[in-house]
Amino acid sequence: MTTFRRLLCAALAALSLLPGLAAAEPSAIYLVRHGEKLAGPDPELSPRGQERARHVAAILHRAGITAIFSTKTLRTQQTAAPLARRTGLNVQLYDALAPLALVEKVRGLSGAVVVVGHSNTLPELVKLFGGAPGTEIADDEFDRLYQLLPEADGKVRTILLGTP
């Protein structure tokens, strides 16, 4: 077999693997802002924020979640904690200042993924994942929950849900 023919066979074999690689994409990505917080430099969730975190867990615990990501702040980790307990998953921390690293990591996963972030970081993450963030998230808005669903044509459908 000639070298050209070997290269051609190798290239065709590699192309046949691409559909399998696409299957590694998450089936859904959920992005949620942390719950209501107390005051301070790295505040914890308020009682209302803790209640909201439990609601997020109740909404998503049967969604086939395979990974949960949170920034390093207490409020985002506390928002993710009830879902982590219900699913038995560990919360993985990500750097809010390195959104592309998070997007790359999430895109290599399968199943549904949850990302807990902040009002000033979620819109950019939604865009980086291919979704439509909608209006700006106000400082006093804590109920926004995005569901991003990849479609067969490569586009991402954005569904805006709310949390009680």
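The legends below describe close-up views of a predicted model.

**View 1. The sheet and the order of its strands.** In this predicted model, 6 strands form an open sheet, which reads β3-β2-β4-β1-β5-β6 from one side to the other and has mixed pairing. The edges are taken by β3 (91–93) and β6 (156–162), and because each of these has a single partner strand, one side of each is left without a neighbour in the sheet. From one strand to the next, the twist averages 25°.

**View 2. The pairing of β1 with β4, and the helices that pack on the sheet.** The strands β1 and β4 run parallel and are joined by 6 bridges, and within this pairing Ile-29 stands opposite Val-113 in β4. Helix α3 (residues 74–87) packs on the sheet, where it touches β1, β2, β3 and β4, and its direction makes about 160° with that of β2. Helix α4 lies across β1, β2, β3 and β4, and it runs at about 170° to β2.

**View 3. The largest nonpolar core.** This core has 17 residues, and those with the most contacts inside it are Leu-31, Phe-69, Leu-102, Val-106, Val-115, Leu-125 and Phe-129. Two or more residues come from each of the elements β1 (28–33), β2 (65–70), α4 (99–107), β4 (112–117), α5 (122–128) and β5 (144–150). A second, separate core of 16 residues includes Val-32, Ile-68, Ala-80 and Val-114. In soluble globular proteins, nonpolar side chains tend to be buried together.

**View 4. The surroundings of Val-115.** Leaving aside residues up to four places away in sequence, Val-115 touches Tyr-30, Leu-31, Val-32, Phe-69, Tyr-94, Leu-102 and Leu-125. Among these partners, Leu-31, Phe-69, Leu-102 and Leu-125 are also listed, together with Val-115 itself, as residues with the most contacts inside the largest nonpolar core. Val-32, by contrast, is included in the second, separate core.

**View 5. A salt bridge within helix α2.** Arg-48 forms a salt bridge with Glu-51, and the closest N and O atoms of the pair are 3.6 Å apart. The two residues are 3 residues apart in helix α2 (residues 47–60), so about one helical turn separates them. Arg-48 is partly exposed, with a relative accessible area of 31%, and Glu-51 is likewise partly exposed, with a relative accessible area of 34%. A search of the whole structure finds 5 salt bridges.

**View 6. A salt bridge that involves a buried arginine.** The side chains of Glu-141 and Arg-144 meet in a salt bridge, with an N to O distance of 2.9 Å. Arg-144 has 5% relative accessibility and therefore counts as buried, the cut-off for that term being under 20% relative accessible area. Side chains of opposite charge can pair when their charged atoms come close.

**View 7. The β5–β6 hairpin and its salt bridge.** The strands β5 and β6 run antiparallel and are joined by 7 bridges, and they form a hairpin with 5 residues between them, in whose turn Gly-154 has a positive phi of about 90°. The bridge partner of Leu-149 in β6 is Arg-157, and Arg-157 also forms a salt bridge with Glu-151, the closest N and O atoms being 3.2 Å apart. Both ends of this salt bridge are partly exposed, since Glu-151 has a relative accessible area of 35% and Arg-157 has a relative accessible area of 43%.

Methods
Residues are numbered from 1 along each chain as its sequence is written. This is a predicted model: local features need pLDDT of at least 70, side-chain atom pairs count only at pLDDT 80 or more; totals for chains, interfaces and linings use all residues. Side-chain values use heavy atoms; hydrogens and water are left out. A nonpolar core is a set of buried Ala, Val, Leu, Ile, Met, Phe, Trp, Tyr and Cys residues joined through side-chain atoms within 4.5 Å. Buried means under 20% relative accessible area, exposed over 50%, partly exposed in between (1.4 Å probe, protein chains only). Helices (H or I, at least four residues) and strands (E, at least two) are DSSP runs, numbered from the N terminus. Contact means heavy atoms within 4.5 Å. Two strands pair if DSSP finds at least two bridges between them. Axes are lines fitted to C-alpha atoms, for helices over the stretch in contact, and angles run from 0 to 180 degrees between N-to-C directions. A salt bridge is a side-chain nitrogen of Lys or Arg within 4 Å of a carboxyl oxygen of Asp or Glu.
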